[in-house]
Amino acid sequence: MNSLAELPSELKCHHELHRILWGTINCPDCNHRLLYRKNYEYCPCCHKKTSVRSESAFRNSKLTFRQIWAMIWLWQHGSSIGEIKRQLNLSYLTIRRWIRKLRQLLPEDSTTQLYSEVEVDESYFGKLKFGRQRLVIGAIERSTGHIKLKIIKDRTRETVEDFIEDSIAPGSLIATDSLASYNRIEGLWSVLKRHIRRVHNNLSFSYNDFYYLLREHQLRHNQPELFYNVTNYIFACCSV
């Protein structure tokens, strides 16, 4: 799927979600063809009634399967809340709740530590006058582009060393802003802030929302396959 023009029908989205969760679009018990209804599936052979909606992270959602598919695809491609609102004709609050939910469903980062040559820096997000300015420390592995991000309370030596110990493997070469070759981390801050402004139109968030936003961006670098297509995301994040 390269654009919303290729968005599958409601039935095909329902089929795909069933296939992701059960490995088939037929009855998982007897392999007979299922009858697909709005919120459930029924097997006329073994008379079993199932619901992929109730068996997934979407069990309390009122959106259609097609709307869910489009929501995930637009979010994966960095669409702004305004663009998603225009495309899906949903309220601003509904879209904000969904983006928050999609971020919270993301798995923990499988990249444990960074290696070799690593750049480390800190940057502020948000405005101090609004009381929601956050200080973030980040690291980027030069050879792979893998990153680590963390909200910190200060820039003391102890705080920075704790981050380095947790995020960077012993023996790695650590570059700071005192070195002339220090540039990939600055590019990271620029891309991250530009992405946040495009999606949300500001840089000020509650602590929890900002934590999940940073985790999303970290996974976009470290596990980009989660954002390649809707199927990858649902398979990794939405079955229960």
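**Exercise 1. Find how many bridges join S1 to strand S2, and in which direction the two run.**

Solution. Start with the elements: helices (H or I, at least four residues) and strands (E, at least two) are DSSP runs, numbered from the N terminus. S2 covers residues 41-42. 2 bridges join S1 to S2, and the strands run antiparallel. Two strands pair if DSSP finds at least two bridges between them. For Tyr-36, the bridge partner in S2 is Glu-41.

The model is predicted: local features need pLDDT of at least 70, side-chain atom pairs count only at pLDDT 80 or more, and totals for chains, interfaces and linings use all residues. Residues are numbered from 1 along each chain as its sequence is written, and side-chain values use heavy atoms, with hydrogens and water left out.

**Exercise 2. Give the strand order of the sheet and explain what is left at its edges.**

Solution. The order is S1-S2-S3. These 3 strands form an open sheet with antiparallel pairing. S1 (35-36) and S3 (49-50) stand at the edges. Each has a single partner strand, so one side of each lacks a neighbour in the sheet.

**Exercise 3. Describe how H1 and H2 cross, and which residues meet.**

Solution. First, the axes, which are lines fitted to C-alpha atoms, for helices over the stretch in contact. Angles run from 0 to 180 degrees between N-to-C directions. The axes of H1 and H2 (residues 65-76) come within 8 Å and cross at roughly 75 degrees. That makes H1 roughly perpendicular (65 to 115 degrees) to H2.

Next, the contact (heavy atoms within 4.5 Å). From H1 come Glu-10, Cys-13, His-14, Glu-16, Leu-17 and Ile-20; from H2, Phe-65, Arg-66 and Trp-69. The contact residues divide into 5 nonpolar, 1 polar and 3 charged.

**Exercise 4. Locate Asn-31 and Asn-89 and state the sign of phi in each.**

Solution. Most residues other than glycine have a negative phi. Asn-31 has a positive phi of about 65 degrees. Asn-31 sits in the loop between H1 (10-22) and S1. Asn-89 also has a positive phi, of about 55 degrees. Its loop lies between H3 (81-88) and H4 (92-104). Asn-89 is exposed (over 50% relative accessible area), at 70%.

**Exercise 5. Count the disulfides and explain the result for Cys-27 and Cys-46.**

Solution. The count is 0. A disulfide is a pair of cysteine sulfur atoms within 2.5 Å. The closest cysteine sulfur to that of Cys-27 is in Cys-46, at 3.6 Å, too far for a bond. For Cys-46, the closest is in Cys-43, at 3.6 Å, again too far. Cys-27 is buried (under 20%), at 2% relative accessible area.

Definitions and conventions: Buried means under 20% relative accessible area, exposed over 50%, partly exposed in between (1.4 Å probe, protein chains only). Angles under 35 degrees count as roughly parallel, over 145 as roughly antiparallel, 65 to 115 as roughly perpendicular and the rest as oblique. Ala, Val, Leu, Ile, Met, Phe, Trp, Tyr, Cys and Pro count as nonpolar, Asp, Glu, Lys and Arg as charged, and the others, Gly among them, as polar.
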